[in-house]
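Work through the exercises below with the sequence and the model open. Each task is followed by a solution in steps.

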Amino acid sequence: MATKIRLQRGGRKGYAFYSIVIADVRAPRDGKFTEKIGTYNPNTNPATVSLNFERALYWVETGAQPTDTVRNILSREGVYLMKHLKGGVKKGAFDEATCQKKFDAWKADKQKGLEKVAAEEAKAKKDAAAKELAQEKKMNEEIAKKVAEKKAAAEAAKAEEEAAKAAEAAAAEAAEAPAAEEAPAAEA
């Protein structure tokens, strides 16, 4: 029986979630399968993979053919590297301990790379937030400046209006004062 390592779709519409399964080549995508060896969630950043490493390695060594996406997933998880290293052990190039040491070194290096990418992403988010905050502060200062200018213009207009009223009142008082002075003089 020819077997294939493939993805079996789950999840809801617009939010796909996949199971990594071993199935007969003739079985439909979401049909009958032999064994479930993991899950794949492409909706997270980075994509989340939960894999039974030993079973995946067993099936790859047995000859199960993965689909392109599953091949990429297995390669990223190190299944193909371990298959390659075990081939070196079978040929006598090195022993099992060296094989495991090389795999652990690769895994540690990969983890450092992932942490570096995560740190860069966090720094980029922080820088973007700081830049956005600076732009917002600048806009707020501009708005505050415009509001201050409007208030100053309104107060200047109000002061002008009050000065005009005071001038009118002074002119009216000045006009009434000579008339008042003339009236008592006429009585005397």
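The exercises go from the sheet to the helices packed on it, then to the core and the aromatic rings.

The model is predicted, so local features are reported at pLDDT of at least 70, side-chain atom pairs count only at pLDDT 80 or more, and totals for chains, interfaces and linings use all residues. Residues are numbered from 1 along each chain as its sequence is written, and side-chain values use heavy atoms, with hydrogens and water left out.

**Exercise 1. The sheet**

Determine the order of the strands in the sheet and name the edge strands.

Step 1. Helices (H or I, at least four residues) and strands (E, at least two) are DSSP runs, numbered from the N terminus. Two strands pair if DSSP finds at least two bridges between them.

Step 2. Five strands make an open sheet with mixed pairing, in the order β4-β3-β2-β1-β5.

Step 3. β4 and β5 (65-66) each pair on one side only, and these are the edge strands.

**Exercise 2. Pairing, strand by strand**

For the pairs β1 with β2, β1 with β5 and β3 with β4, state the direction and give residue partners.

Step 1. β1 and β2 run antiparallel and are joined by ten bridges. Arginine 9 has tyrosine 18 in β2 as its bridge partner, and glycine 10 stands opposite phenylalanine 17 in β2. Two residues lie between the strands of this hairpin, where glycine 14 takes a positive phi near 80°.

Step 2. β1 and β5 run parallel, joined by two bridges. Here isoleucine 5 stands opposite proline 66 in β5.

Step 3. β3 and β4 are antiparallel, with four bridges. The hairpin that joins β3 to β4 passes through six residues. Glycine 38 stands opposite leucine 51 in β4.

Step 4. In a regular strand the side chains alternate between the two faces of the sheet. In β4, Val49 and Leu51 form the covered face, while Thr48 and Ser50 form the uncovered one.

**Exercise 3. Two residues of β1**

Are threonine 3 and arginine 6 buried or exposed?

Step 1. Buried means under 20% relative accessible area, exposed over 50%, and partly exposed in between (1.4 Å probe, protein chains only).

Step 2. Threonine 3 is in strand β1. Its relative accessibility is 13%, so threonine 3 counts as buried. Contact means heavy atoms within 4.5 Å. Leaving out residues up to four places away in sequence, threonine 3 touches Ile22, Ala23, Val25, Trp59, Ala64 and Gln65.

Step 3. Arginine 6 also lies in strand β1. With 12% relative accessibility, arginine 6 counts as buried. Beyond four places in sequence, the residues it touches include Ser19, Ile20, Val21, Thr67 and Val70. From arginine 6 to aspartate 68 the C-alpha to C-alpha distance is 8.7 Å, at 62 residues apart in sequence.

**Exercise 4. Helices on the sheet**

Which strands do α1 and α2 touch, and why are the buried residues of α1 on the same side?

Step 1. α1 packs on the sheet, touching β1, β2, β3 and β4, and its direction makes about 115° with that of β3. Axes are lines fitted to C-alpha atoms, for helices over the stretch in contact, and angles run from 0 to 180 degrees between N-to-C directions.

Step 2. α2 lies across β1, β2, β3, β4 and β5, running at about 95° to β1.

Step 3. The buried residues of α1 include Phe53, Ala56, Leu57, Trp59 and Val60. They cover an arc of only 165° around the axis, which puts them on the same side of α1; the arc is that of the directions from the helix axis to the C-beta atoms.

Step 4. Just after α1, glycine 63 takes a positive phi of about 115°.

**Exercise 5. The core**

Which residues of the largest nonpolar core touch the most other members?

Step 1. A nonpolar core is a set of buried Ala, Val, Leu, Ile, Met, Phe, Trp, Tyr and Cys residues joined through side-chain atoms within 4.5 Å.

Step 2. The largest such core has 25 residues, and Ile5, Ile20, Ile37, Leu51, Leu74 and Val79 touch the most other members. Elements that each supply at least two residues include β1, β2, α1 and α4. The largest share, five residues, comes from α1.

**Exercise 6. The aromatic rings**

Classify the pair of phenylalanine 53 and phenylalanine 103.

Step 1. Rings of Phe, Tyr and Trp (its six-membered ring) pair if their centres lie within 6.5 Å; planes under 30 degrees apart count as stacked, over 60 as edge-to-face and the rest as tilted.

Step 2. The whole structure has four aromatic pairs. For phenylalanine 53 and phenylalanine 103, the centres are 5.4 Å apart and the planes at 45°, so the pair is tilted.

Step 3. Phenylalanine 53 is in helix α1 and phenylalanine 103 in helix α4, 50 residues apart. Both are buried, and with Trp106 they form one aromatic cluster.
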